[in-house]
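Biologist: I'd like a close look at one small part of this model, residue by residue. After that, could you walk outward and show me how the rest of the chain is put together?

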Amino acid sequence: MFRGCSNLEYVKFLLTTGFDSEHCIDRFLLGVSSTGIFVYNNELGNEDAVRNAYMYEGTEGPACAIPDGWTVIPDTEE
């Protein structure tokens, strides 16, 4: 989705369903800035739950699609 957008430092991704196929999130943030902010739908829970929700089976085992250096925060808008 955002793969290769090297200047991307902010994503607000509020989906909570529709991840039946991990291919839709497989490396969708690969090649973005090494640090940034990922805003998620607060219904997903805490940061660990969010990072687990965005996992895919990488070539070296399970990997999170959200870069490690990114801050993960809930959306607070109602």
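**The hairpin and what lies beyond it**

Modeller: Let's start with glutamate 57, whose bridge partner in strand 4 is proline 62. Keep in mind that this is a predicted model, where local features need pLDDT of at least 70 and side-chain atom pairs count only at pLDDT 80 or more, while totals for chains, interfaces and linings use all residues. Residues are numbered from 1 along each chain as its sequence is written, and side-chain values use heavy atoms, with hydrogens and water left out.

Glutamate 57 belongs to strand 3, which covers residues 55–58. Strands here are DSSP runs of E with at least two residues, helices are runs of H or I with at least four, and both are numbered from the N terminus. Strand 3 meets strand 4 (residues 61–64) over four bridges, and the two run antiparallel; strands count as paired if DSSP finds at least two bridges between them. The link between strand 3 and strand 4 is a hairpin through two residues.

Now for the faces of strand 3. Its side chains alternate: Tyr56 and Gly58 point to one face and are buried, while Met55 and Glu57 point to the other and are not. "Buried" means under 20% relative accessible area, "exposed" means over 50%, and "partly exposed" is in between, using a 1.4 Å probe and protein chains only. So our starting residue, Glu57, sits on the face of strand 3 whose side chains do not count as buried, according to the same cut-off.

Zooming out, the chain has one helix and five strands, laid out along the sequence as β-β-α-β-β-β. Of its 78 residues, 32% count as buried. If you like contact statistics, take pairs with a separation of 6 or more: 71% of those contacts are between residues 24 or more positions apart, with a contact meaning heavy atoms within 4.5 Å.

Strand 2 is a good second stop. It is mostly covered, with four of its five residues buried. Strand 2 pairs with strand 1 in the parallel sense over four bridges, and it also runs parallel to strand 5, joined by five bridges. On the strand 5 connection, phenylalanine 38 has valine 72 as its bridge partner. On the strand 1 connection, lysine 12 is matched with valine 39 of strand 2, and phenylalanine 13 stands opposite tyrosine 40.

Strand 1 has its own alternation of side chains: Val11 and Phe13 point to one face and are buried, whereas Tyr10 and Lys12 point to the other and are not. Over in strand 5 (residues 70–74) you'll find isoleucine 73, which is partly exposed, with a relative accessible area of 33%.

Just past strand 2, asparagine 41 is found in the loop that leads from strand 2 (36–40) to helix 1 (47–53). Asparagine 41 counts as buried because its relative accessible area is 15%.

That brings us to charge pairing. Side chains of opposite charge can pair when their charged atoms come close. The structure holds two salt bridges, each being a side-chain nitrogen of Lys or Arg within 4 Å of a carboxyl oxygen of Asp or Glu.

One joins lysine 12 to aspartate 75, with the closest N and O atoms 3.3 Å apart. Lysine 12 lies in strand 1 (residues 10–13) and aspartate 75 in the segment after strand 5, so this pair ties together parts that are 63 residues apart in sequence. Lysine 12 is partly exposed, at 34% relative accessibility, whereas aspartate 75 is buried, at 11%.

The other links arginine 51 to glutamate 47, where the closest N and O atoms are 3.0 Å apart. Both residues are in helix 1, and because they are four residues apart, about one helical turn separates them. Arginine 51 is buried, with a relative accessible area of 14%, while glutamate 47 is partly exposed, at 36%.

Put together, you have an antiparallel hairpin of strand 3 and strand 4, plus strand 2 running parallel to strand 1 and to strand 5. One salt bridge sits within helix 1, and another ties strand 1 to the segment after strand 5.
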